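Biologist: Could you take me through one part of this model slowly, as you would for someone in their first year? I would like a close look at the aromatic rings and the side chains around them.

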Amino acid sequence: MCERCSICDLKFEREPGYFLGAMYFSFALGVLVMAPIAVLLWYLTGWRISKVLLWAVILFLPFAPTITLFARVLWIYLDQTIDPEPLR
């Protein structure tokens, strides 16, 4: 991830651990993506729940990096709405 925005010069990571809050967004987005995958697998295959969850996690893995980046973007938007960084 870049240190600053090339357009507005916003510093992305204000302090160490800044994106810790993005973890909550990432968790929610992960559940929103993984739950339909699990339900669809269970409905189509009739497997037991442990096998369905294992395959849902495996099928979810390619989406994890994108969801992580999107969660960071949502965190920055929330942070800038609540506590905007002063313009230079």
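**A close look at the aromatic rings**

Modeller: Happy to! Let us start with tryptophan 75, which counts as partly exposed because its relative accessibility is 22%, and buried would mean under 20%. Keep in mind as we go that this is a predicted model.

How many aromatic pairs does the structure hold? There are two of them. One is formed by tyrosine 18 and phenylalanine 19: their ring centres are 4.9 Å apart and their planes meet at 75°, so this pair is edge-to-face. The cut-off behind that word is simple, because planes over 60 degrees apart count as edge-to-face. Are tyrosine 18 and phenylalanine 19 buried or exposed? Both are buried.

Our starting residue, tryptophan 75, belongs to the other pair, with phenylalanine 25 as its partner. Here the centres are 6.2 Å apart, with 65° between the planes, and this pair is edge-to-face as well. Now look at where the partners sit: phenylalanine 25 is in helix α1, while tryptophan 75 is in helix α3 (residues 64–82), so the pair ties together parts that lie 50 residues apart in sequence. Phenylalanine 25 has a relative accessible area of 26%, so it is partly exposed.

Next, follow the neighbours of the first rings we met. Over the ring of phenylalanine 19 sits the charged end of arginine 72, 4.4 Å from the ring's centre. Tyrosine 18 has a polar contact instead to show you: its side chain is joined to that of aspartate 79 at 2.7 Å. Aspartate 79 also reaches arginine 14, through a side-chain polar contact of 3.4 Å. You will find aspartate 79 in helix α3, and it is buried because its relative accessible area is 14%, where the limit for buried is under 20%.

Another charge over a ring can be found at tryptophan 47: lysine 51 lies over its face, 4.5 Å from the ring centre.

Finally, turn to the surface. Which residues make the nonpolar surface patch of about 540 Å²? They are Leu40, Trp42, Tyr43 and Leu44, so here you can look for two more ring-bearing side chains, Trp42 and Tyr43, in a patch. Leucine 44 lies in helix α1, which covers residues 22–45. With 61% relative accessibility, leucine 44 counts as exposed, because exposed means over 50%.

Technical notes:
Residues numbered from 1 in each chain as written. Predicted model: local features only at pLDDT ≥ 70, side-chain atom pairs only at ≥ 80, totals over all residues. Heavy atoms only, no water. Patch = residues over 30% accessible without salt bridge, like charges linked within 9 Å, V, L, I, M, F, W, Y side chains within 5 Å. Areas by Shrake-Rupley, 256 points an atom, 1.4 Å probe, with all protein chains shown as cover. Salt bridge = Lys/Arg side-chain N within 4 Å of Asp/Glu carboxyl O. Helix = DSSP H or I, 4+ residues; strand = E, 2+ residues; numbered from the N terminus. Buried < 20%, exposed > 50% of the residue type's maximum accessible area, 1.4 Å probe, protein only. Phe/Tyr/Trp six-rings, centres within 6.5 Å; stacked < 30°, edge-to-face > 60°. Lys NZ or Arg CZ within 6 Å of the ring centre and 35° of its normal. Polar contact = N/O pair within 3.5 Å; in protein donor to acceptor, adjacent residues only side chain to side chain.
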